[in-house]
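User: I would like to learn how to read a structure like this one, feature by feature. Could we begin with what lies on the surface and then work inwards?

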Amino acid sequence: MDLITKDSETTLVLFSSLDRVLENVEYVVTNYRPVLNGERYLTGEEVCKRLCISKRTLQDYRDAGLLGYVQLPGKIIYRESDIMDLLERFYQK
């Protein structure tokens with residue numbers, strides 16, 4: 001019978017696996033967006049990241065009526081399907 005210590009290969013593999021599990025859990029907790037009536041909603045920051053645009057450009061899209069949004073007290077959110085529709089509308093082959 002082998003003695004398992006903190007430096008043994010078995011322990012190192014176990015801790016490495018636990019680190020990966022923790023990273024995955026942290027990712028899910030950070031990025032999970034519950035579906036509301038079959039629709040996902042994104043914050044302005046998330047939209048800017050996905051479209052690689054600035055907050056100012058996002059505001060211009062709102063002002064021009066290019067992208068629909070929901071304005072709540074202190075927060076604006078965007079339907080993910082509206083973002084996909086915008087991309088489809090302006091897609092050029």
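User: Which residues form a nonpolar patch on the surface?

Analyst: A patch is built from residues with over 30% relative accessible area and no salt bridge (a side-chain nitrogen of Lys or Arg within 4 Å of a carboxyl oxygen of Asp or Glu); like charges are joined within 9 Å, and nonpolar side chains (Val, Leu, Ile, Met, Phe, Trp, Tyr) within 5 Å. In this predicted model, Leu14, Phe15 and Leu18 form such a nonpolar patch, with about 300 Å² of accessible area together, as given by the Shrake-Rupley method with a 1.4 Å probe, where for residues only the protein chains shown count as cover. Phe15 belongs to helix H1, helices being DSSP runs of H or I with at least four residues and strands runs of E with at least two, numbered from the N terminus.

User: Is Phe15 buried, partly exposed or exposed?

Analyst: Buried means under 20% relative accessible area, exposed over 50%, and partly exposed in between, with a 1.4 Å probe and protein chains only. Phe15 is partly exposed because its relative accessible area is 47%.

User: Which residues make up the largest nonpolar core?

Analyst: A nonpolar core is a set of buried Ala, Val, Leu, Ile, Met, Phe, Trp, Tyr and Cys residues joined through side-chain atoms within 4.5 Å. Here the largest one has 10 residues in all, among them Leu42, Val47, Cys48, Leu51, Tyr78 and Ile83. Helix H2 (44-51) and H4 each supply at least two residues of this core, and H2 gives the most, with three.

User: What covers the buried residues of H2?

Analyst: Contact means heavy atoms within 4.5 Å. The cover includes strand S1 (41-43), H3, strand S3 (75-79) and H4, and the buried residues of H2 are Gly44, Glu46, Val47, Cys48 and Leu51.

User: Where is Glu80, and which residues is Glu80 in contact with?

Analyst: Glu80 lies in helix H4 (residues 80-90), and, leaving aside neighbours within four places in sequence, Glu80 is in contact with Glu39, Arg40, Leu42 and Arg50. The C-alpha atoms of Glu80 and Leu42 are 6.5 Å apart, although 38 residues separate them along the chain.

User: How is confidence distributed in the protein chain?

Analyst: The score is pLDDT, the predictor's confidence in each residue, from 0 to 100. The chain has a mean of 89, with 97% of its residues at 70 or more; confidence is lowest in helix H1 (residues 9-31), at a mean of 86, and highest in helix H3 (residues 55-63), at 96.

Residues are numbered from 1 along each chain as its sequence is written, and side-chain values use heavy atoms, with hydrogens and water left out. Local features need pLDDT of at least 70 and side-chain atom pairs count only at pLDDT 80 or more, whereas totals for chains, interfaces and linings use all residues.
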